[in-house]
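Please open the model in your viewer and keep the selection tool at hand. The tour below proceeds one selection at a time.

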Amino acid sequence: DIDPPSEHKPIAQLAHGLDRVLFNPGVHWLQDPHSRVYNFSPWLESIPKVTDFAFERVTGFIRSSQDEDLHTLAQIHSRPYVGSTSSLTGLLSQIYFLISGNKEVDTSVLSSAFGLEPTNFTPGQRMPVSVVLRYKDGVWAVDSGKDGEDDSDKNVLTWMGTLLEKFLTVPESDFKALMRSSPASAEGEEDKRREAYRYAKSNRFLMRSQLDCVDSRLPGTGVFDVKTRAAVPIRLDLLNFEENSGYLIRTLHGPMESFEKEYYDLIRSAFLKYSFQARIGNMDGVFVAYHNTARIFGFQYVSLEEMDARFDNLGAPTRGTRVFEKCVKLLETVMDEIVGVFGERSVKCTFETREQSSKMNVWVEPLEWDAEKEGKGKHTEEPPIVQIDVEVQNFIAGRPVWGPRAIEVAPHENWILHWRISHNSLEASKVRANLASAKSRQFRAWNFPAHISRPEEMKAWWNALDFGGRKNTASLSDEGEENDAPLFNPKLFRWPSKNINVLRQLSRDGRIETLRAVAEDEAMGREKVVWGLSGIGGVANSGTKEVPGDSSPASTVTQASEMGTVDAVAQPSEEKE
């Protein structure tokens, strides 16, 4: 650990009595579906609309290249590379795929509903990763970066993660001050301190991790990450979030509409990234909130050890740390090779380890290129490009082994990783074709929302989509249009598939069920019953009744099996999804 040079805000803590989740394994229903008793404040059930949250009142994300503290620390500690968890975990994942020999995940802890389901990583997890290495004064800062238009602002989950993090860690009265319906703080009253970060160094890197939450009763530093996990229809059909917000999680187990389904998807699509983030931040685990963008269903705490066990069913406590150290060391070596291609200048790179491939390919280009200024020919000439190929061989006790065996290395075994890095001799046109192929695998089309029937309607709806409320304050060009508004590209959209339509029908059915239950409660005058409300600092309203809790924590949570944390299922996506 390295002390930050600037003062930062204190690390947040869970509010609303949610800290109980940290010490009781398994999924915690917000409202028990059998008794309909709330385990936590009913205020948490309904998520505020994203458009009602004043994002400008909270500290925004700082890119690695824009973090002056990070750059200063790198120079002080003589580290040539800096990066944040958001920009480094994708690269580390590609290296993990290479070292592990495409080892599959372990889903044996799940029910028979997933016995025949795939155990490889999802296409989204394996997607090629593009970054920009921005050079300044002897330091390269790793920024996330993908060619083409940045449409992340159109992703409701980009904004939902920020909203829900405050929703879960800020008392109700303080959270209301972050809504647009509340007046903004007077000038000079805002807390302008930085968010809490951990800075750590390896041999060549200085890494930054935002510290979401802390509880001193947890092992180690007591720090953990807060993750929000949107239900499957939201994740696969993002633009149809309004209709899909009717989807329900009804049971602990089962192939759909269950916490188990969300946990299964987390194993294949998120745990690897979260485990890297936790290690960079020296965290104990992640706190997961399951939701559908309109409603929270439940919570679960997943320790780092539990995530490690999903990649290694032997579950040795030090194994995950050894794998992480191997990945970081190889990344440092690859970075040295990358920056040596074009010298002291900014470059853009794409990393990819294809499934069933024994190589990781890295494509490197100058970030900016003017052929005439570079003395390389005409202005129209394409910039140079290099393809770097990385191969590895694992050795245990001096004998070569396959990747899956190396990942399961025992603590007493001597594990050595050999690598070979070479520059591909293909001509530039073929290297560019390889890069174009990799970037095509980064593409994910948006589905037309259910209320859109024509492409012309889609264009108008897309241009009006503004979760962050930036159109009210955005600078306008001379023509009266926003300078930074992403242009509508019809090639980015498609009509929904059969599987997507099945999810949409489940969401419609869920909404009907929810409205029916609400009408029934109102007709019967049924009060909301809350378990141990006074014990968590809540205040009952006229429609809320308290059920006193006993001293047993088990009474506050539905346990799934004797394995607790696993069968109960759990965990979430970034960013901050």
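Begin by selecting helix H8, residues 259–269, which lies across E1, E8, E9 and E10 and runs at about 115° to E8. Please bear in mind throughout that this is a predicted model.

**The open sheet**

Next, display the strands beneath this helix. They belong to an open sheet of five strands, in the order E1-E10-E9-E8-E7 and with mixed pairing. Strand E1 (28–29) and strand E7 (213–214) are at the edges; each has a single partner strand, so one side of each lacks a neighbour in the sheet. Helix H4, residues 156–169, also packs on this sheet, where it touches E7, strand E8 (223–230), E9 and E10. The direction of H4 makes about 110° with that of E9.

Now select strand E9 (residues 285–291) together with strand E10 (residues 296–303); the two are antiparallel and are paired over seven bridges. Which residue of E10 is the bridge partner of His291? The partner is Ile296.

**The strands E2, E4, E3, E11 and E12**

Move to strand E4, residues 139–144, in which five of the six residues are buried. Strand E2 (residues 81–84) runs parallel to E4 and is joined to it by three bridges; within this pairing, Val82 has Ala141 as its bridge partner. E3 pairs with E4 as well, in the antiparallel sense and over six bridges. Select Ala141 once more, for this residue is also the bridge partner of Arg134. The hairpin of E3 and E4 has two residues between the strands, and Asp137 there takes a positive phi near 50°.

Follow strand E3 (residues 129–136) to E11, to which it is joined by five bridges in an antiparallel arrangement. Val132 stands opposite Lys348 of E11. Strand E11 itself, residues 347–352, is mostly covered, with five of its six residues buried. Continue to strand E12 (residues 359–366), which is antiparallel to E11 and linked to it by six bridges; here Phe351 stands opposite Val362. The hairpin of E11 and E12 has six residues between the strands, and Gln356 takes a positive phi near 70°.

**Helix H11 and the nonpolar cores**

Select helix H11, residues 319–342. At 1.5 Å a residue, its 24 residues should span 34 Å, and its end C-alpha atoms are 37 Å apart, which agrees. Gly343 follows H11 and has a positive phi, near 80°.

Show the buried nonpolar side chains next. The largest nonpolar core has 83 residues, and those with the most contacts inside it are Tyr96, Leu133, Phe271, Ile338, Cys349, Phe351 and Val362. H11 supplies the largest share of this core, 11 residues. Centre the view on Leu133: leaving aside residues up to four places away in sequence, its contacts include Trp140, Ala141, Met335, Ile338, Val339 and Cys349. A second, separate core has 51 residues, among them Leu30, Val50, Met179 and Leu492.

**A final stop at Ser182**

Finally, select Ser182, in the loop between helix H5 (172–176) and strand E5 (197–201). Is this residue buried or exposed? Ser182 counts as buried because its relative accessibility is 18%, and the cut-off for buried is under 20%. Apart from residues up to four places away in sequence, Ser182 touches Arg57, Lys176 and Ala177.

Definitions and conventions:
Residues numbered from 1 in each chain as written. Heavy atoms only, no water. Buried < 20%, exposed > 50% of the residue type's maximum accessible area, 1.4 Å probe, protein only. Helix = DSSP H or I, 4+ residues; strand = E, 2+ residues; numbered from the N terminus. Pairing = 2+ DSSP bridges. Contact = heavy atoms within 4.5 Å. Axes fitted to C-alpha atoms, helices over the stretch in contact; angles between N-to-C directions. Expected span 1.5 Å × (residues − 1). Core = buried A, V, L, I, M, F, W, Y, C linked by side-chain atoms within 4.5 Å.
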